[in-house]
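You asked for a colleague's reading of this model, with attention to its pockets, its cavities and its salt bridges. The points below take these topics in turn.

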Amino acid sequence: MTENALDASLAVVILAAGQGTRMRSSLPKVLHRIGGRPLVGHVLDTARDLAPAHVVVVVRHERDLVAEAVLGVSDEVIVVDQDEIPGTGRAVEVALSHLRDFEGDVLVLSGDVPLLDADALMPFLAAHRAASSAATLLSAVLEDPTGYGRVLRDENGAVAQIVEQKDATSDQAAVREVNAGVYLFQAGPLRAELERVGTDNAQGEKYLTDVIGMLRADAYEVSASIVADITSVMGVNDRVQLSEAARALNARTVRKWQLAGVTVQDPASTWIDVTATLAPDVTVLPHTQILRATVIGEGAVVGPDTTLEDCEVGAGATVRRSDATLAVIGEGASVGPFAYLRPGTQLGARGKIGTFVETKNSTIGEGSKVPHLSYIGDTTIGRGVNLGAGAITANYDDIAKHRTEIGDEVHSGSHNVFVAPVRIGDGAKTGAGAVIRKDVPAGALALSVAPQRNVEGWVENHRPGTGAAEAAARARSAEKADDVAQEESH
């Protein structure tokens, strides 16, 4: 969404004080994550897009954790603590105490309603102001309204009051129009009515919803806008609703990238965080997760069966059946299948990390290849290098990590072990099975070859009766028969 000009007449209050007992979690409900952000982070994003003069977040349960997360998203937010008086009405009241001179409109959002975006709220705000309403609320019509406050209307169809589920009569509980928990108030009337709200109800709380009936009783205009997309006001109260909200958000995110020129072959099995960025002509194959701040360049192909977290993938690169975290993959590079890129991996342009390769804290230069069955840790590799199968950089001596340095145009044989700290000079070669413990000069051939010793008859003498011994005996007998036949032919 494009950045909006500051709306000096708007303040946003986000309610994030609840414990969320139905989540059955030690983590506060609003900090559970979908789409790469905590629930409250999505609400803060929405508030930012509205460009209000003030954003106030009300906290209580695990307040330090919630406050840290909130300020991590935006350090301009005002964090306030709800006191011992429970209820949404009290939460808004303490928020207003930090906005003493503010006389504009107060938008109240819930920290556990992550899918409501600024595009949906801008018309809501415009309608509220056009009608000069003291209060406007978002409502929804549900097939099953269980658990929600009911919106009651008078004989003229105007909003009369909101009744919470636990306080509703049987007739009121049959109403299908429910309160979505999103409100716009004029600050002055809101302050005045909140002072009169009590706690005489089934839950002993100071309900914000009571303000609606009070405003009507005092002859103020109160409006309600029925939301067209019910999923946008979906609240999260348990793990089932958390996964439902995650799926809805992901479908929205995938569709956005498809419309921006990204091919997503199977949206149902593809997960893209809202914090990720994809260029046009990227192709995402099934069962792929693109997480957190991952950035994928134009024309890259990612997947299938791939997870990228906080990675950079260059234009035209290919990443197949691999897992990577905090890695940089250069333009035109190739990764996988079955590669594991740990934090600190940097693969240069047109480089290759192949099958069953693990890398960590290593730079692999332009055009260099680690094709298969290798571990590369704490290593710097130059340009145009080719490491043979089974290359191991032995970087840990049980006390400290050490680096391996491999120069440009180095080619190693299969099954090499580079015992760090060690440096291989430009253009050097190493033989198959070499264990490199000393620096190799530029252009040198490094070998570590021990004479091969064959102990004839060892299996038959030391493993009698085994299949190997029997096979060896047959082979030796056949060799003797061949020798006899050759002698007789002469």
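Which element gives the largest share of the lining of the largest pocket? The points below start from that question, and the reader should keep in mind throughout that this is a predicted model.

1. The largest share comes from strand 10, which contributes four residues to the lining of the largest pocket. The elements that give two or more residues to this lining are strand 1 (7-16), helix 3 (88-96) and strand 10 (177-186). When you turn the structure to look into this pocket, these three stretches of the chain are the ones to trace.

2. The largest pocket has a volume of about 1600 Å³, and its lining is made up of 46 residues. Of these, R22, K29, T88, D112 and N237 lie nearest the centre of the pocket. Sorted by class, the lining residues of the largest pocket comprise 21 polar, 15 nonpolar and ten charged.

3. The second largest pocket holds about 620 Å³ of space and is lined by 18 residues, with D49, D117, R252, K256 and V274 lying nearest its centre. At least two residues of this lining are supplied by each of helix 1 (39-50) and helix 8 (239-259), and helix 1 gives the most, with five residues. The lining of the second largest pocket divides into eight charged, six nonpolar and four polar residues.

4. Two of the residues nearest the centre of the second largest pocket, D117 and R252, also form a salt bridge with each other, in which the closest N and O atoms are 3.9 Å apart. Because D117 lies in the loop between strand 6 and helix 4 whereas R252 lies in helix 8, the pair ties together parts that are 135 residues apart in sequence. Both partners are partly exposed: D117 has a relative accessible area of 27%, and R252 has one of 32%. Since a salt bridge is counted here when a side-chain nitrogen of Lys or Arg is within 4 Å of a carboxyl oxygen of Asp or Glu, the 3.9 Å given for D117 and R252 should be read with that cut-off in mind.

5. How many salt bridges does the structure hold? The count is 28, and one of them joins E177 and R153, with the closest N and O atoms 2.8 Å apart. This pair links distant parts of the chain, as E177 is in strand 10 and R153 is in strand 8 (residues 150-153), 24 residues apart. E177 is buried, with a relative accessible area of 11%, while R153 counts as partly exposed at 33% relative accessibility.

6. A further salt bridge is formed between R196 and E193, whose closest N and O atoms are 2.4 Å apart. Is E193 buried or exposed? E193 is buried, with a relative accessible area of 3%, whereas R196 is partly exposed, with a relative accessible area of 48%. Elsewhere, R37, D45, R48 and D49 are linked in a network of salt bridges, and D49 has already been named among the residues nearest the centre of the second largest pocket.

7. Turning to enclosed space, the count comes to two cavities of 30 Å³ or more. About 50 Å³ of space lies in the largest cavity, and the residues that line this cavity are V43, T46, L109, S110, V113, L116 and V182. Helix 1 and strand 6 (105-110) each supply at least two of these lining residues. By class, the lining of the largest cavity has five nonpolar residues, two polar ones and no charged ones.

8. Which residues line the second largest cavity? They are L10, L50, L107, L121, F124, L125 and L184, and the space that lies in this cavity is about 30 Å³. Helix 4 (residues 118-131) provides the largest share of this lining, three residues. The lining of the second largest cavity consists of seven nonpolar residues, with no polar and no charged residues, whereas the lining of the largest cavity includes two polar residues.

Methods:
Residues are numbered from 1 along each chain as its sequence is written. This is a predicted model: local features need pLDDT of at least 70, side-chain atom pairs count only at pLDDT 80 or more; totals for chains, interfaces and linings use all residues. Side-chain values use heavy atoms; hydrogens and water are left out. On a 1 Å grid over the protein atoms alone, a cavity is a set of points where a 1.4 Å probe fits but cannot get out, and a pocket is an open set with protein on both sides within 12 Å along at least five of seven lines; lining residues have an atom within 4 Å of a point. Grid points are joined across faces, edges and corners, and a volume is the space filled by probe spheres set on the points. Ala, Val, Leu, Ile, Met, Phe, Trp, Tyr, Cys and Pro count as nonpolar, Asp, Glu, Lys and Arg as charged, and the others, Gly among them, as polar. Buried means under 20% relative accessible area, exposed over 50%, partly exposed in between (1.4 Å probe, protein chains only).
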